[in-house]
Amino acid sequence: MAVVLRPLRFEDWPAVHEWARRPEVCVYQAWGPNTPDETREFARVAAQAWDERPQQRFPYAIVRDGRTVGNVELFLRSEGVGEIGYLVHPEFWGRGVATSAARELLTLGFTEHGLHRIFATCDPRNVASAAVLRRLGMRYEGRMRETHLIRDGWRDSDLYAILAPEWRGAVDVPRPSSASRPDRDAAAGS
């Protein structure tokens with residue numbers, strides 16, 4: 001699935017709102033469904049992140065065939081450590097969009113930022129997101145108990161991570177085609 005990442009801009013807020021307003025997208029999140037004002041504020045803060053120095057947050061729009069269909073972010077958490085997250089419009093779930101975009105984030109993290117470790121978390125009930133993380137070569141490292149308060153109570157977070165040597169060893173490994181392995185992208189990575 002060919003996707004393009006570009007810096008998220010404030011002007012992307014209407015596209016972002018197309019998924020941020022949907023209950024099925026934010027079911028595992030502490031936020032949402034968003035109002036238009038909440039999505040505008042998210043886009044404003046995300047766009048400003050590109051001007052911060054030192055920059056710790058790298059929010060990207062996921063563009064497919066000229067349309068913004070999701071967003072991904074790389075956060076620099078500590079020396080040599082980053083975190084990724086992603087959201088995709090439900091129209092594009094199961095098409096490899098989250099996997100392709102998150103794979104690009106790993107490349108950016110390990111090559112441009114020189115990270116040693118990149119991690120992500122997801123709600124244990126979000127099996128689609130966990131599948132994306134496994135397809136990226138990330139390893140399940142355990143469950144953190146009651147890390148986020150969401151609408152249905154405190155939720156646990158499953159932790160996945162990949163180290164630079166593991167990523168370098170897997171970069172040239174051919175990936176299964178979508179025809180041979182269904183790609184069930186997630187609504188959200190966190």
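The paragraphs below lead through a predicted model of a protein chain, from its overall layout to its sheet, its cores and two buried residues.

The protein chain has 190 residues, of which 51% are buried, and it contains 6 helices and 7 strands. Followed along the sequence, these elements come in the pattern β-α-α-α-β-β-β-α-β-α-β-β-α. If one takes the contacts between residues at least 6 apart in sequence, 65% of them join residues that are at least 24 apart. The surface that the protein chain exposes amounts to about 9500 Å², and carbon and sulfur atoms supply 52% of that area.

The strands are a useful place to begin. An open sheet of 7 strands is arranged in the order S1-S2-S3-S4-S5-S7-S6, and its pairing is mixed. Strand S1 (4-7) and strand S6 (139-150) form the edges and have a single partner strand each, so one side of each is left without a neighbour in the sheet. On average, and with direction ignored, neighbouring strands of this sheet are turned by 30 degrees against each other. In general, the strands of a sheet pair through backbone hydrogen bonds, in either a parallel or an antiparallel sense.

Starting from the S1 edge, S1 and S2 pair in the antiparallel sense over 4 bridges, with Val4 standing opposite Val63 in S2. S2 and S3 also run antiparallel and are joined by 8 bridges; along this pair, Pro59 stands opposite Glu73 in S3, and Ala61 stands opposite Asn71 in S3. The hairpin of S2 and S3 has 2 residues between the strands, and in this hairpin Asp65 takes a positive phi near 50 degrees. The pairing of S3 with S4 is antiparallel over 8 bridges, and here Leu76 has Gly82 in S4 as its bridge partner. The hairpin of S3 and S4 likewise has 2 residues between the strands, with Gly80 taking a positive phi near 80 degrees. Further along the order, S5 and S7 pair in the antiparallel sense over 6 bridges, and Thr121 stands opposite Leu159 in S7.

How many of the residues of S2 are buried? The strand is mostly covered, with 8 of its 8 residues buried. In a regular strand the side chains alternate between the two faces of the sheet. In S2, Arg57, Pro59, Ala61 and Val63 point one way, whereas Phe58, Tyr60, Ile62 and Arg64 point the other way, and all of these residues are buried.

Helices also pack against these strands. Helix H3 (residues 36-48) lies across S2 and S3, and it runs at about 115 degrees to S2. H5 packs on the sheet as well, where it touches S4, S5 and S7, and its direction makes about 165 degrees with that of S5.

The largest nonpolar core holds 35 residues, and Ile62, Ile84 and Met138 are the ones that touch the most other members. Elements that give two or more residues to this core are the strands S2 (57-64), S3 (67-78), S4 (81-88), S5 (117-122) and S7 (153-163), together with the helices H4 (97-112), H5 (127-135) and H6 (164-170). H4 gives the most, with 8 residues. Apart from this core lies another, of 9 residues, which includes Ala20, Ala46, Val63 and Leu87. To return to Met138, and leaving aside its neighbours within four places in sequence, this residue is in contact with Ile84, Ile118, Phe119, Ala120, Leu133, Tyr160, Ala161 and Ile162.

The last two residues to consider are Arg155 and Ile150. Arg155 lies in strand S7; is it buried or exposed? With a relative accessible area of 3%, Arg155 falls under the 20% cut-off and therefore counts as buried. Its side chain reaches the backbone oxygen of Tyr28 at 2.6 Å, and a polar contact of 2.9 Å joins the side chains of Arg155 and Ser157. Ile150, which lies in strand S6, is also buried, with a relative accessible area of 7%. Although Ile150 and Tyr28 are 122 residues apart along the chain, their C-alpha atoms are separated by 7.2 Å. Not counting residues up to four places away in sequence, Ile150 touches Val27, Tyr28, Gln29, Ala30, Asp123, Arg125 and Arg155.

Terms used: Residues are numbered from 1 along each chain as its sequence is written. This is a predicted model: local features need pLDDT of at least 70, side-chain atom pairs count only at pLDDT 80 or more; totals for chains, interfaces and linings use all residues. Side-chain values use heavy atoms; hydrogens and water are left out. A nonpolar core is a set of buried Ala, Val, Leu, Ile, Met, Phe, Trp, Tyr and Cys residues joined through side-chain atoms within 4.5 Å. Buried means under 20% relative accessible area, exposed over 50%, partly exposed in between (1.4 Å probe, protein chains only). Contact means heavy atoms within 4.5 Å. Two strands pair if DSSP finds at least two bridges between them. Axes are lines fitted to C-alpha atoms, for helices over the stretch in contact, and angles run from 0 to 180 degrees between N-to-C directions. Accessible areas come from the Shrake-Rupley method with a 1.4 Å probe; for residues, only the protein chains shown count as cover. A polar contact is a pair of N or O atoms within 3.5 Å; within protein, one must be able to donate a hydrogen and the other to accept it, and residues adjacent in sequence count only if both atoms are side-chain atoms.
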